[in-house]
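Visitor: I am new to this structure and would like to understand the words used for it. Could you show it to me before we begin?

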Amino acid sequence: MQRRRRADSAAPLSIALIGTRGVPARYGGFETAIEEVGRRLVAKGHRVTVYCRGVARDERTDNYLGMQLVHLPALRRRSFETLSHSALSIVHAIRHRPDAAIVFNAANAPLLPLLNAAGIPVATHVDGLESRRAKWGPTGRRYYLMCERLAVRLSRELIADAQGIADYYATRYQAATWQIAYGAPLLHAPGDEKLAELGIAPGGYHLLVARFEPENHVHLIVQGYAKAAARYPLVVVGSAPYAEQYTQSVHAAATDNVRFLGGVWDQELLDQLYAHALVYWHGHSVGGTNPSLLRAIGAGTAVNAFDVNFNREVLGAAGAYFSTPAQAATLFEAAEARPEQIARRAALSLQRAEAYDWDQVAAAYEALCQDLVRSRRHARARPSTQNVPIAHHGPT
């Protein structure tokens, strides 16, 4: 049985966060986690360095919310962008000798020997089940499976953001993880003035926020909407820089009542979209605990989600689930026909969100980093499955 270990108090640490686009958070779950966790670690007295890519030169800064930012280039090809940037980041980190490093994305696992050789203890956040993403061909899937094995072998600790991910690594690799989910931002009485600028009314639209990738089932949801006798528009936020063909198929499936907004970086507008939607539609299926889903429940919005264990873990009875366009169509119609049921599920969403607290998440990361430093000082091998802690704070 896995058990939770309590971290001893320790001196402030120097912590490197590697493998993402960095902060400010404008892209995905990793970036949101780094922003929320990093600033809290700084508030606790730690020195946090975040490695960033893709920020325009005139927008770059050396400090954000107390975190030290290092901007490094990357190859602009999907297959090499993350790995090339992480390689430069790790070289920089080795020169500056942090007490501990957290590497995000198992795809970076081939670079872990560099940190190990430098004596920098590292934890790898393995992310979701990348080898199952449709955008990768056979070579890409084999690469991700290799990276999973390397992450297990070369990381001092592993981080999973959902029980389903922890179960996968326990079953496939007999590897234990720190289970640390993301936090859910709780929205308190957001306005609705920006919705008027879009010509949509509070409570009078369905919302979908996702990158346009097959495993996020944007196409399926749009198909379901097209089949339904729905009166309210479907507002779609998101795009995909490397998925032109899939994006075309999504647009082709849409009716005139589907509103495509593209990428939305205005966080106030996003908050209002989440908070005032009749229903938030969540199609993600392979990525573990998803920040978009947490944002929706933190806004107190009812959610219809693709039926996988990751989504059921977060939503429980607050969610309604679908797997086909026909099932989605039925849920579209039911949402508009039964407002009292939607209101009840919205209240349940908010109850679920309260268990996903960013302060607890940051405390778990702090305990993990302290554990990494202790393990280096004591020169001990990585603990067995029975000894590795799980920091779990979401609903069960």
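Guide: What follows is a short conversation about aromatic rings and charges over rings.

Guide: This is a predicted model, in which local features need pLDDT of at least 70 and side-chain atom pairs count only at pLDDT 80 or more, while totals for chains, interfaces and linings use all residues. Residues are numbered from 1 along each chain as its sequence is written, and side-chain values use heavy atoms, with hydrogens and water left out.

Visitor: Why is the pair of tryptophan 281 and phenylalanine 322 called tilted?

Guide: Rings of Phe, Tyr and Trp (its six-membered ring) pair if their centres lie within 6.5 Å, and planes under 30 degrees apart count as stacked, over 60 as edge-to-face and the rest as tilted. The search of the whole structure finds 12 aromatic pairs. In the pair of tryptophan 281 and phenylalanine 322, the centres are 5.4 Å apart and the planes stand at 50°, so the pair is tilted.

Visitor: What makes the pair of tryptophan 281 and phenylalanine 332 stacked?

Guide: The ring centres of tryptophan 281 and phenylalanine 332 are 3.8 Å apart with planes at 20°, so this pair counts as stacked. Tryptophan 281 lies in strand 12 and phenylalanine 332 in helix 12 (residues 325–337), 51 residues apart. Tyr225, Trp281, Phe306, Phe322 and Phe332 form one aromatic cluster.

Visitor: How do you know that the charged end of arginine 312 sits over the ring of tyrosine 321?

Guide: A charge sits over a ring if NZ of Lys or CZ of Arg is within 6 Å of the ring centre and within 35 degrees of the ring normal. The charged end of arginine 312 is 3.9 Å from the ring centre of tyrosine 321 and sits over that ring. Arginine 231 likewise lies over the face of tyrosine 232, at 4.8 Å from the ring centre.

Conventions:
Helices (H or I, at least four residues) and strands (E, at least two) are DSSP runs, numbered from the N terminus.
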